[in-house]
Amino acid sequence: KLARMTKFSANWKKQKAKIARLHVRIGHVRNNFLHQTSHAISKNHAMIVMEDLKISNMTRSAKGDSDNHGRNVAQKSGLNREILDQGWGEFKRQIEYKQEWRGGWLLQVDPKHTSQTCSVCKHRAKENRQSQSEFRCVACGHSANADENAAQNILKRGMDWLSGEATAGKVKKTNRGTHGDRLPSEWRKPSATETDLTRPLQAA
């Protein structure tokens, strides 16, 4: 409708302002949803494990330059827009400060191959991912929703770090305690720190 109007006319300005108000409202609704969801998760979980996604890298433009033209630019632009509209970065920020405030833990683990690895037998293969939503292990036959299978792998990586069984990779750890349990003084820091996965959990 806006495109069919005379640019900078009175009706064009009214319609543009109406669209702007609508986008502001959408932003408020999204932020409210993120706050309610992060509040519920933080309130009911002393430890939260999530992937350490590099969102800025994931949403980088595919246009390229004059010498190296990008490929599938329109598709990549649409994907970038969908990722940014979901508010992944804001959701992580809210989870992080709410866990610190409540004295909980937030562990951010390496996201590599979480969607291709079987949560039962640990076999990793591209063929395990049958579709966007279906996971079926070609080794043991385990079948599950792809997101649920990946979530199990993410949780396992966090638990391995806590138990000292992890052998490689890194975890970003944010905490000020474990819902009342006292932590070693060198770990009680106000901001996120990066710690080797090989470092075992010390007794409080």
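**View 1. Gly 87 follows helix H3 in this predicted model.** Gly 87 sits just after H3 and takes a positive phi of about 75°. Helices and strands here are DSSP runs (helices H or I, at least four residues; strands E, at least two), numbered from the N terminus. Residues are numbered from 1 along each chain as its sequence is written. In this predicted model, local features need pLDDT of at least 70 and side-chain atom pairs count only at pLDDT 80 or more, while totals for chains, interfaces and linings use all residues; side-chain values use heavy atoms, with hydrogens and water left out.

**View 2. Helix H3 has three residues to look for: Gly 78, Asn 80 and Ile 83.** These are its buried residues (under 20% relative accessible area, 1.4 Å probe, protein chains only). Their cover includes helix H2 (55-58) and helix H4 (88-102).

**View 3. The largest pocket holds about 840 Å³ of space.** Of its 30 lining residues, the closest to the centre are Val 49, Met 50, Glu 51, Phe 91 and Ile 154. A pocket is an open set of points on a 1 Å grid over the protein atoms alone, where a 1.4 Å probe fits, with protein on both sides within 12 Å along at least five of seven lines; lining residues have an atom within 4 Å of a point. Helix H5 (146-163) is among the elements that each supply at least two lining residues. H5 gives the largest share, seven residues.

**View 4. The largest nonpolar core has seven residues.** They are Val 49, Trp 105, Leu 107, Val 109, Ile 154, Trp 161 and Leu 162. Strand S2 (105-109) and H5 each supply at least two of them. Such a core is a set of buried Ala, Val, Leu, Ile, Met, Phe, Trp, Tyr and Cys residues joined through side-chain atoms within 4.5 Å.

Note on methods: Buried means under 20% relative accessible area, exposed over 50%, partly exposed in between (1.4 Å probe, protein chains only). Contact means heavy atoms within 4.5 Å. Grid points are joined across faces, edges and corners, and a volume is the space filled by probe spheres set on the points.
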